[in-house]
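The following exercises ask the reader to work from individual residues to the chain as a whole. Each task is followed by a solution in steps.

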Amino acid sequence: MHMADALVSPAVGGALYAVSAGVGAYSIYKLKHDEELKAKIPTMGVMGALVFAVQMMNFTIPGTGSSGHLCGGILLSALLGPYASFITMIGVLLIQCLFFADGGLLALGANIFNMSFFGCFLGGVLWQLIMKKGFSKRKIALYTIGGAILTLELGAFCVTIETLLSNITELPFRSFLFLMMPIHLAIGLGEGLITFAILTFIYETRAEMLYCSRDIEKKNRMSKKKVLAITGVMIVVIAGGLSLFASSHPDGLEWSIEKMTGNTELEENEQKIYKSNQKIQNKTAIFEDYNLKGADSDAGAAFSGVAGCAIVVICMIAVGNVVKLLKKKNQN
């Protein structure tokens, strides 16, 4: 669902930057007052990298010629709560945009809002409501599948509204909407099943890692370090190996555009701001299209995937520690 700059006007892009930055700043403010911040920092790094890796694994939507991938907000909010998960998603999307040219630079604020806000904040509310009277696999299934479908539908709807308000394409709103909503319903189901598998593993091995699980009565089978270590191995396997077998079909947004225009991409805008953003991404995107720049090899794709995950881990641990220092400074 990563929007390209060709869909977004400077006004709409700027407005969504402001909204996403405001929510991000508020999230950092709330994290400074989070008593569990220190314990969350490793989880932010490892689970952020897991989201990055799994997003590389596009899965085919049968009978459509389209594919989808995990967004990750629903997963992260169940582990970290709304504020830490939103900051983690910003890190993932920023790295994808700058180093991998995945999503436009002007559209980054919109992508953060569409792919993170609903999953992290609405997901956080749903998690607390569903788990209020106790945890179970059935409740986790309800949360992951229902939450993923709901939040992806809201994100897809926002993409169509932002495109309409931008008014720089000839995409007919009604057709765009009627293509985006059903395909992301199917993608949401796929995301829900993937998220259910991951959260069930954590529930069975280290249930206290789940958000708001202080009073959960379930014996932990593994230490937190071991769960994160196993997750780390999964990340390397997915990003460095399984991602090579990801679906080659266009994702839900590209598929919707192709159905209307015959092409998955729109023509680049000739305005100065669009060209400037493209130049910036050309310089920063050392792993453009999830491969080594100028290369097209399995080895390059595997290396870029693992490198991207490592960058996410480093970035999120750094951000978490900066917030921890700010928290300590405020206390002094």
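**Exercise 1.** Determine whether N111 is buried or exposed, and describe its surroundings in this predicted model.

*Solution.*
Step 1. The relative accessibility of N111 is 2%. Buried means under 20% relative accessible area, so N111 counts as buried.
Step 2. The secondary structure places N111 in helix α4, which covers residues 108–130.
Step 3. Once neighbours within four places in sequence are set aside, N111 contacts M1, H2, M3, L93, G103, G104 and S116.
Step 4. For M3 there is also a polar pairing: a polar atom of the N111 side chain lies 2.6 Å from the backbone nitrogen of M3.

**Exercise 2.** Classify T261 by its accessibility, and state which backbone atom its side chain reaches.

*Solution.*
Step 1. T261 belongs to helix α8, residues 252–261.
Step 2. Its relative accessible area is 38%. Since buried means under 20% and exposed over 50%, with partly exposed in between, T261 is partly exposed.
Step 3. The side chain of T261 reaches the backbone oxygen of N263, at 2.8 Å.
Step 4. Not counting residues up to four places away in sequence, T261 touches L171 and L266.
Step 5. A separation in space can be added: V312 is 51 residues from T261 along the chain, and their C-alpha atoms are 35 Å apart.

**Exercise 3.** For G91 and I61, find the element that holds each residue, and give the distance to a residue remote in sequence.

*Solution.*
Step 1. G91 lies in helix α3, residues 73–100, whereas I61 lies in strand β1, residues 59–61.
Step 2. With a relative accessible area of 5%, G91 is buried. I61 is also buried, at 7%.
Step 3. G91 and V319 are 228 residues apart along the chain, yet their C-alpha atoms are separated by 8.9 Å.
Step 4. Likewise, 190 residues of sequence lie between the positions of I61 and D251, and the C-alpha to C-alpha distance is 9.2 Å.
Step 5. Leaving out residues up to four places away, the contacts of I61 are S66, S67, G68, I183, A186 and I187.

**Exercise 4.** Establish which secondary structure elements the chain contains, and why its radius of gyration agrees with that of a compact globule.

*Solution.*
Step 1. The chain has 10 helices and 2 strands. Their order along the sequence is α-α-β-β-α-α-α-α-α-α-α-α.
Step 2. A compact globule of 332 residues would have a radius of gyration near 20 Å; the chain has 19 Å, and therefore agrees with this expectation.
Step 3. The C-alpha trace spans about 55 × 50 × 40 Å along its principal axes.
Step 4. Contacts can be considered next: among those between residues at least 6 apart in sequence, 77% join residues at least 24 apart.

**Exercise 5.** Describe how much of the chain is buried, what its exposed area consists of, and how its charged side chains are distributed.

*Solution.*
Step 1. Of the 332 residues, 52% count as buried.
Step 2. The chain exposes about 15,200 Å², and 62% of this area is supplied by carbon and sulfur atoms.
Step 3. There are 28 positive and 24 negative side chains. The centres of these two sets lie 15 Å apart.

Terms used. Residues numbered from 1 in each chain as written. Predicted model: local features only at pLDDT ≥ 70, side-chain atom pairs only at ≥ 80, totals over all residues. Heavy atoms only, no water. Helix = DSSP H or I, 4+ residues; strand = E, 2+ residues; numbered from the N terminus. Rg over C-alpha atoms; globule rule 2.2 N^0.38 Å. Buried < 20%, exposed > 50% of the residue type's maximum accessible area, 1.4 Å probe, protein only. Contact = heavy atoms within 4.5 Å. Areas by Shrake-Rupley, 256 points an atom, 1.4 Å probe, with all protein chains shown as cover. Lys, Arg positive; Asp, Glu negative; His and termini not counted. Charge placed at Lys NZ, Arg CZ, Asp CG, Glu CD. Polar contact = N/O pair within 3.5 Å; in protein donor to acceptor, adjacent residues only side chain to side chain.
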